[in-house]
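Let's work through a few short exercises together. Keep the picture beside you and try each task before you read its solution.

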Amino acid sequence: MTIKNLDREVKNEMEMKEQFLNAMNSGNEEEMAKAFTNFANAIQQNIIKEAKSIVNEDLTDRQVLANRGLQVLTKEETTYYNEVISGNGFGGTEKLVPATVIDRVFEDLVHKHELLQYIDFVNVTGITEWITKNGDVPTAFWGKLTSAISEILDEGFQKISTEQYKLSAFLPVAKAMLKLGPVFLDKYVRTVLAEAIAIGLEDAIVKGTGKDQPIGMIKNLAGAVVDGVYPDKTAKAITDLSPETLGTEVMAPLTRDGKRVVSEALLVVNPNDYWSKVFPATTVLTQNGTYVHGVLPIPAKVVQSVSVPQGKMVAGVASDYFLGMGARQTIEVSNEVRFIEDESVYLAKLYANGRPKDNASFLVFDISGVGTPQV
């Protein structure tokens, strides 16, 4: 199979994202590489077209750059990209990718992808372990510090490795891309890395198996792990989104028997279920004849995700999912992808780990009967 080159028409961006997600879920590394490289090529083509359309604009003007989604580069960033360009690609560049580039990737990612705005998403580049509080174990006491209390304090935290799992992003780079200069090359690198993270991570956050990837919200941490894979939680059926149902089945369990105050819940549903079930149930006609949507009887934020299986809803406190994301700040020649014509392909390795903070963090519901008339 040959990937389409820059002078050939590419498919719709959303369709390519879906192809990459399907390839990733298939477990076929070759198909995943092909699908994502095809998607990266589409991004590259769009940036080249954009650059040609604004060739006469002043790319030193901050407002012009901001309006185009471009960045005023630091001296270190400009030096790095100029070295890439003069070396005819990333392969001859030994410098690390400037940390500021990686930082902006994470900023773009959180800003543009709703689910990542709410979970405990941490840029841990350069950090190998992250410490989180362990469930309901108390971590402070009044009175004398005894050996028993000291032991409880020790059990109140857990270490999560942030270098355990790797997510790869492939960057095909054509000569035409290098000719555009540092500013557009920077936009390309940031866009591809952010999309690679978003596509891979959202799927892992929701339903990651725990085998060579994070553990998803829908997984049972107390279940039997088979070959490194955690089982799914059993979904509890609900048939409406009434105050009684959401209060009793969602909010009350999230307080953990009244041990904490829950100010807002996160509800994650498949887009099809959102429009066919959640939207009708949360849209009301006001007295002045206008519709108001998103009306819930509980304080909650509804987020759509294609990674949630249809007919299911995930509920929890968003900050109860921890995701630590880092990156090796080098981009190297890929030995894994050798099917691109007339282009060099590079590999950026991104490291991450994530999991619910404990097994009670997220609840899974069967909402297939919501909105269905009861017999």
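**Exercise 1: the whole chain**

What percentage of the 375 residues in the chain is buried?

Solution. Start with the ground rules: this is a predicted model, in which local features need pLDDT of at least 70 and side-chain atom pairs count only at pLDDT 80 or more, while totals for chains, interfaces and linings use all residues. Residues are numbered from 1 along each chain as its sequence is written, and side-chain values use heavy atoms, with hydrogens and water left out.

Next, the term: a residue is buried under 20% relative accessible area, exposed over 50%, and partly exposed in between (1.4 Å probe, protein chains only). Buried residues make up 48% of the 375 residues. To complete the overview, the chain has 11 helices and 13 strands (DSSP runs, helices being H or I with at least four residues and strands E with at least two, numbered from the N terminus).

**Exercise 2: two helices that cross**

Find how helix α4 and helix α9 are placed relative to each other.

Solution. Step one: locate α4 at residues 75-86 and α9 at residues 182-207. Step two: their axes come within 9 Å and cross at roughly 95°. Here axes are lines fitted to C-alpha atoms, for helices over the stretch in contact, and angles run from 0 to 180 degrees between N-to-C directions. Step three: angles of 65 to 115 degrees count as roughly perpendicular (under 35 is roughly parallel, over 145 roughly antiparallel, the rest oblique). Therefore α4 and α9 are roughly perpendicular to each other.

Step four: look at who meets whom. Y81, N82, V84 and I85 in α4 are in contact with P182, L185, D186 and V189 in α9, where contact means heavy atoms within 4.5 Å.

**Exercise 3: pairs of rings**

Which kind of pair do the rings of F106 and F121 form, and which kind do W275 and F279 form?

Solution. A pair of aromatic rings is described by the distance of the centres and the angle of the planes. Rings of Phe, Tyr and Trp (its six-membered ring) pair if their centres lie within 6.5 Å; planes under 30 degrees apart are stacked, over 60 edge-to-face and the rest tilted. The whole structure holds 8 aromatic pairs.

For F106 and F121, the centres are 6.0 Å apart and the planes stand at 65°, so this pair is edge-to-face. F106 sits in helix α5 and F121 in strand β1, so the pair ties together parts 15 residues apart in sequence. F106 is buried at 6% relative accessible area, and F121 is buried at 16%.

For W275 and F279, the centres are 5.0 Å apart and the planes stand at 50°, so this pair is tilted. Both residues lie in helix α11, 4 residues apart, about one turn of the helix. W275 is exposed at 52%, whereas F279 is partly exposed at 25%.

**Exercise 4: one residue and its surroundings**

Is I331 buried or exposed, and which residues does I331 touch?

Solution. First, find I331 in strand β11, residues 321-333. With 8% relative accessibility, I331 counts as buried. Leaving out residues up to four places away in sequence, I331 touches Y80, F90, V97, V189, Y346, L347 and A348. Among these, Y80, F90 and Y346 belong with Y81 to a cluster linked by ring pairs. Finally, compare sequence with space: I331 and A169 are 162 residues apart in sequence and 9.6 Å apart in space, C-alpha to C-alpha.
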